[in-house]
Amino acid sequence: MSKTLHQPLGGNQMPRFAGPGTMMRLPAKESAAGLDACFVGVPLDIGTSNRSGARFGPRSIRNESVLLRPYNMATRAAPFDSLSVADIGDVAINTFNLQKSMPIIEAAYDEILSHDVIPLTLGGDHTIVLPILRAMAKKYGPVGVVHIDAHTDINDHMFGEEIAHGTPFRRAVEEGLLDCKRVVQIGVRGTGYAADDFDWSAEQGFRVVQAEECWHKSLVPLMAEVREQMGDGPVYISFDIDGLDPAFAPGTGTPEVGGLTIYQGLEIIRGCRGMTVIGGDLVEVAPPYDPSGNTSLTGANLLYEMLCVLPGVKYRS
Ligand code: MN
Ligand code: MN
């Protein structure tokens, strides 16, 4: 059976401010069957420690994605020329219960990954990466991670809780979900609870790149090193929008000053081209703190850029 190359609904067929409310106005599908890649929302924000609102992230990112066109004019990627892509909707999390939401999300990704498809997730707060990684590791074994964030998210507990948006990578290490030598955390910064807050990551074998190491620089050379680090193994991209400076992405729950620029964010994702990317997410967009919509617009663009670096994407010469 030949696959269907779905196209985003174009602005010359339907005004951009109208039409379907899906990511990039792609077709809405009930399941990932037959797709090469899919967009999926996880509207959960009950794992946040400061401002909530990321439950509105998936809907808002989809809303701002109406402006995205199919071809990447910078990299010449033409994802819709070779991949079958659609929006498979949202995971029906239990918004009253964080603990119960974890297996719900994991089961949803088990189902998605039962198909030969690469999911790109619209978050939601960062708690959601734990059940996603649980499902990923069942299929692929321990995975490498390119993690962009102001925070390392390796707290042992938050307010006594093991599950929260600041703990997923600690739990993932404990559960053996990560190939720790193939994990990089980029953009971490800010104030800590203890002077050695960032040491635990490095002790696990992660490469930790603090934001200050990125200031005033192109990250193209860094990403060449990260590609070496990742090798041929499976790689998951987890992009917390607060990795970017709040000047670019103010709509988020735990902003930290002195962050990455949008250009650096683009360089990081574009630098993932050639890796065996098995999935990605864009988390922590909190639309109530984003009156212009720029944070969601940026999130939509970063998800599109992830699509452009997936294995099998055709590039125009
Ligand atoms: Mn995070
Ligand atoms: Mn963060």
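A donor, for our purposes, is an N, O or S atom within 2.8 Å of the metal, and since water is not among the atoms, a site may look incomplete. Keep that in mind as we walk through this structure, which is a predicted model.

Let's start with the metals. The manganese ion (ligand 2) is held by Asp149 (OD), His151 (ND1), Asp240 (OD), Asp242 (OD) and Asp242 (OD), at 2.1 to 2.4 Å. Yes, Asp242 is listed twice there. If you run a finger along the chain, you'll find these donors spaced as D-x1-H-x88-D-x1-D. The site brings together distant parts of the chain: Asp149 sits in the loop between β5 and α5, while Asp240 belongs to strand β8, 91 residues apart.

Now look for the manganese ion (ligand 1). Its protein donors are His126 (ND1), Asp149 (OD), Asp153 (OD) and Asp240 (OD), lying 2.1 to 2.2 Å away. Their spacing in sequence reads H-x22-D-x3-D-x86-D. Here too a pair of donors joins distant stretches, with Asp153 in the loop between β5 (143–148) and α5 (168–174) and Asp240 in strand β8 (residues 234–240), 87 residues apart. How far apart are the two manganese ions, and which residue bridges them? They lie 3.3 Å apart, and Asp149 is the bridge.

Are these acidic residues buried or exposed? Asp153 and Asp240 are both buried. Asp149 has a relative accessibility of 1%, so it counts as buried; the cut-off for that word is under 20%. Asp240 also has a relative accessible area of 1%.

Next, find strand β1, residues 37–42. Six of its six residues are buried, so the strand is largely enclosed by the rest of the structure. You can check this face by face: Ala37, Phe39 and Gly41 are buried on one side, and Cys38, Val40 and Val42 on the other. The strand has partners, too. It pairs with strand β3 (residues 85–90) in the parallel sense over four bridges, and there Gly41 stands opposite Asp90. With strand β4 (residues 118–123), the pairing is again parallel, over six bridges, and Cys38 has Pro119 as its bridge partner. Asp90 turns up once more in a network of salt bridges that links it with Arg62 and Asp87.

Helix α4 (residues 129–140) is a good next stop, and Leu133 is one of its residues. Leu133 has 0% relative accessibility, so it counts as buried. What is Leu133 in contact with, beyond its neighbours within four places in sequence? The answer is Val143, Phe169, Ala172, Leu177, Leu178 and Tyr236. Leu133 and Gly279 are 146 residues apart in sequence, yet 9.5 Å apart in space, C-alpha to C-alpha.

Helix α4 also takes part in salt bridges. Side chains of opposite charge can pair when their charged atoms come close. The structure holds twelve salt bridges. In one of them, Asp110 meets Lys138, with the closest N and O atoms 2.8 Å apart. Asp110 is in helix α3 (residues 98–113) and Lys138 in helix α4, so the pair ties together parts that are 28 residues apart in sequence. Another joins Arg134 and Glu175, also with 2.8 Å between the closest N and O atoms. Because Arg134 lies in helix α4 and Glu175 in the loop between α5 and β6, this pair connects parts 41 residues apart in sequence. Elsewhere, Arg207 and Glu225 meet at 2.7 Å, N to O, linking strand β7 (residues 207–210) to helix α8.

Finally, hunt for aromatic rings. A search of the whole structure finds one aromatic pair. The ring centres of Phe248 and Tyr263 are 6.3 Å apart and their planes make an angle of 75°, so the pair is edge-to-face. Phe248 is in the loop between β8 and α9 (262–270), and Tyr263 is in helix α9. Phe248 is partly exposed at 25%, while Tyr263, at 57%, counts as exposed. Helix α9 has buried residues as well: Gln264, Gly265, Leu266, Ile268 and Ile269. These pack against β5, β6 (178–188), α7 (211–214), α8 (220–230), β8 and α10 (294–308). Two further rings have an arginine over the face: Arg51 lies over Tyr289, at 4.4 Å from the ring centre, and Arg316 lies over Tyr71, at 5.1 Å.

Methods: Residues are numbered from 1 along each chain as its sequence is written. Chains are lettered from A and ligands numbered from 1 in the order in which they are written. This is a predicted model: local features need pLDDT of at least 70, side-chain atom pairs count only at pLDDT 80 or more; totals for chains, interfaces and linings use all residues. Side-chain values use heavy atoms; hydrogens and water are left out. Donors are N, O and S atoms within 2.8 Å of the metal (3.2 Å for Na, K and Ca); water is not among the atoms, so sites may look incomplete. Helices (H or I, at least four residues) and strands (E, at least two) are DSSP runs, numbered from the N terminus. Buried means under 20% relative accessible area, exposed over 50%, partly exposed in between (1.4 Å probe, protein chains only). Two strands pair if DSSP finds at least two bridges between them. Contact means heavy atoms within 4.5 Å. Rings of Phe, Tyr and Trp (its six-membered ring) pair if their centres lie within 6.5 Å; planes under 30 degrees apart count as stacked, over 60 as edge-to-face and the rest as tilted. A charge sits over a ring if NZ of Lys or CZ of Arg is within 6 Å of the ring centre and within 35 degrees of the ring normal. A salt bridge is a side-chain nitrogen of Lys or Arg within 4 Å of a carboxyl oxygen of Asp or Glu.
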